[in-house]
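User: I would like to go through the ligand site and the aromatic pairs of this model. Please keep the answers short.

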Amino acid sequence: MVSSDQIQVEYPCVIMLPPPRLVPPRGIYSTKPFQVYLMEGQQWNSEILDKLHSQNSIICGLTMDYLQLPESIIENAKPGGQVLAESKQHRNSSDINPPQTASDNTCSITKDFSCIYSKDLLPALSGEDTTKDFFQELVNILLSYVCKSFRRSSKVLDFHHPHQLREGLEGFSLELPDQPENLEQLLVDCRDTLKYGVKTGHPRFFNQLSSGLDVIGLAGEWLTSTANTNMFTYEVSPVFILMEEVLLRKMQEIVGWSEEEGDGVFCPGGTMSNLYSVLLARYHFFPEVKTKGMTALPRLILFTSAHSHYSVKKSAAVLGIGSENVVVVKCNDRGKMIPAELESSIITAKDQGCVPFYVNATAGTTVYGAFDPLNAIADICESHGLWLHVDAAWGGGLLMSNLHRVKLQGIERAWSVTWNPHKMMGAPLQCSAILVKKRGLLKDCNQMCAEYLFQTDKHYDTSYDTGDKTIQCGRHVDVFKLWLMWKAKGSEGFGSQVNKCLENAEHLFDKLNQRPDFELVFKSKPEHSNVCFWYIPPSLRNMPPGPERNRRLHEVAPKIKAKMMEQGMAMIGYQPLGDKVNFFRCVFSNPATQTEDVDYLLEEIASLGHDICIRIETNL
Ligand code: ABU
């Protein structure tokens, strides 16, 4: 990696920013070389390096000779990387200690692809070497991105408004051509796609419950894409099907179900997992729904807390139950469902002639990170004969930690569980399981027996053709990356990872408690890694609570976030909730995040907040 103390150049020099290519693909896009002059005696410093890193730059000119380089590079460019060779020579003979490894920021091209097209790749005859070369370049781009994702000096994002991306940026166009474009352009497009995206693996990305870039998980995802198969039958996915069985069994064991209990599938996200839970609960109590539909059923009611995920209501809407038939149960100040409120809601629904059948309890709410009291809720479900689902999409990861699994006590009493390893366990998106206690229910509920796919007279045990258990036909292989990560870390490794994220949350909580310019949304210690807080501008610090203060406070978080995204050095989410005006929600699921990043975030918010508020107050 380039570091500021490795490099000192003579005055003057030229830096080309972007494009990344030393050999521009002729006629495809215009190169817009960009020159940075260092003043005499000025040294490379971290600020300049940070700027270069954040812009995918390539250092190509080193001395006065190269002042004319941009034009001459374009004119003299020849296929085969001649200019690069020249440049490499200069690099090696220069004062600069240049980037040398794949972990560097450069993605210098070793071959000119400007006359090569996809038709020249496999399966073309003699396409093997070209295919390897192409992939080598692609891997360089990906590795450069991976390394940058972990580099604090690089930006989390290079924000552009939709219209800017739509219009096209510096040779990056979203428009689709009628004629094939060459591979050089495709490589540039790959690089630019990453450049204008968001580095969700960056240690200062706090915006989403799923974050981080697990290298083994990524390797798993690459392998999965290469295998490019489908999870519906054993005949096309023998290894992945068995891995899914092993992994789901492991997760069921961790939830606390016996060997005789448990089934499940990986599906596309927590919302789909929750949808499965409602679907299965309804089928369990009313199997005729599969053929007769909702007309055969009474008015069904389900229950979920005010802080639960919106997917419960969405499931009711999708399944024809209706979102108005979801009773929203009150929570306490900490965002936990109040069991007495649940019980009285169930009784009221019954008194009204409706049929309660399902309760969703949340283990790790989206905003507060609260855990509903699972045992108390399970008692109520048992006494009323209701299906208990635990949405542990976010909180499930805490089951891996000996320190924190106690927060999910009672989860073993659930009839179904949602658990997203792509959240707290850091598996690459997507990786979400629906676990079901009653074996065979998934199949009974969803099976359609398509004869072209699920033939019963195959020469192997067709119970491994698991596709008919799901509501999809084709299904992505989500299991391999998690399986590989589990091998790499062991269960204990996941436990330590979770512990570290929760330590970061406590660190933030402690810091916030000590500062007069921030206010916590709830005063108790975080249970999960969510920490919710306001930045309080100077003018509001002595203002009494009330509508005017709330009105002004509501505007603070969006303004800070907008500025933060424009600067691109960190990212955090905000939202209002109930009677609370817009507040920041910081979540930790990225093991790359350290306490220094937490401190950075606070300073960044305080500094942006202070500037913005001063400007508003002085009408600048
Ligand atoms: N419920 C999906 C995750 C939402 C979030 O990242 O905040």
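User: By class, how many nonpolar, polar and charged residues does the shell around the ligand have?

Analyst: The model is a predicted one. The residues surrounding the ligand are Gln 208, Leu 209, His 309, Thr 366, Lys 423 and Arg 585. Leu counts as nonpolar, and Lys and Arg count as charged. By class, the shell has 1 nonpolar, 3 polar and 2 charged residues.

User: Which nitrogen or oxygen atom of the ligand does a polar side-chain atom of His 309 approach, and at what distance?

Analyst: A polar contact requires N or O atoms within 3.5 Å. The partner of the His 309 side chain is a nitrogen atom of the ligand, and the distance is 2.7 Å.

User: What share of the ligand's exposed area does the protein bury?

Analyst: An oxygen atom of the ligand lies 2.9 Å from a backbone N or O atom of Leu 209. In the side chain of Arg 585, an N or O atom is 2.9 Å from a ligand oxygen. Taken alone, the ligand exposes 250 Å², and the buried share of that is 71%.

User: In which pocket does the ligand sit?

Analyst: A molecule sits in a pocket if more than half of its atoms lie within 2 Å of the pocket's grid points. For the ligand, that pocket is the second largest.

User: Why is the pair of Phe 206 and Phe 588 edge-to-face?

Analyst: The structure holds 18 aromatic pairs. Phe 206 is in strand S1, while Phe 588 is in the loop between strand S12 and helix H18, 382 residues apart. Their ring centres are 5.7 Å apart and their planes are at 75°, so the pair is edge-to-face.

Definitions and conventions: Residues are numbered from 1 along each chain as its sequence is written. This is a predicted model: local features need pLDDT of at least 70, side-chain atom pairs count only at pLDDT 80 or more; totals for chains, interfaces and linings use all residues. Side-chain values use heavy atoms; hydrogens and water are left out. A residue is near a molecule or strand if one of its heavy atoms lies within 4 Å of it. A polar contact is a pair of N or O atoms within 3.5 Å; within protein, one must be able to donate a hydrogen and the other to accept it, and residues adjacent in sequence count only if both atoms are side-chain atoms. Accessible areas come from the Shrake-Rupley method with a 1.4 Å probe; for residues, only the protein chains shown count as cover. On a 1 Å grid over the protein atoms alone, a cavity is a set of points where a 1.4 Å probe fits but cannot get out, and a pocket is an open set with protein on both sides within 12 Å along at least five of seven lines; lining residues have an atom within 4 Å of a point. Rings of Phe, Tyr and Trp (its six-membered ring) pair if their centres lie within 6.5 Å; planes under 30 degrees apart count as stacked, over 60 as edge-to-face and the rest as tilted. Helices (H or I, at least four residues) and strands (E, at least two) are DSSP runs, numbered from the N terminus.
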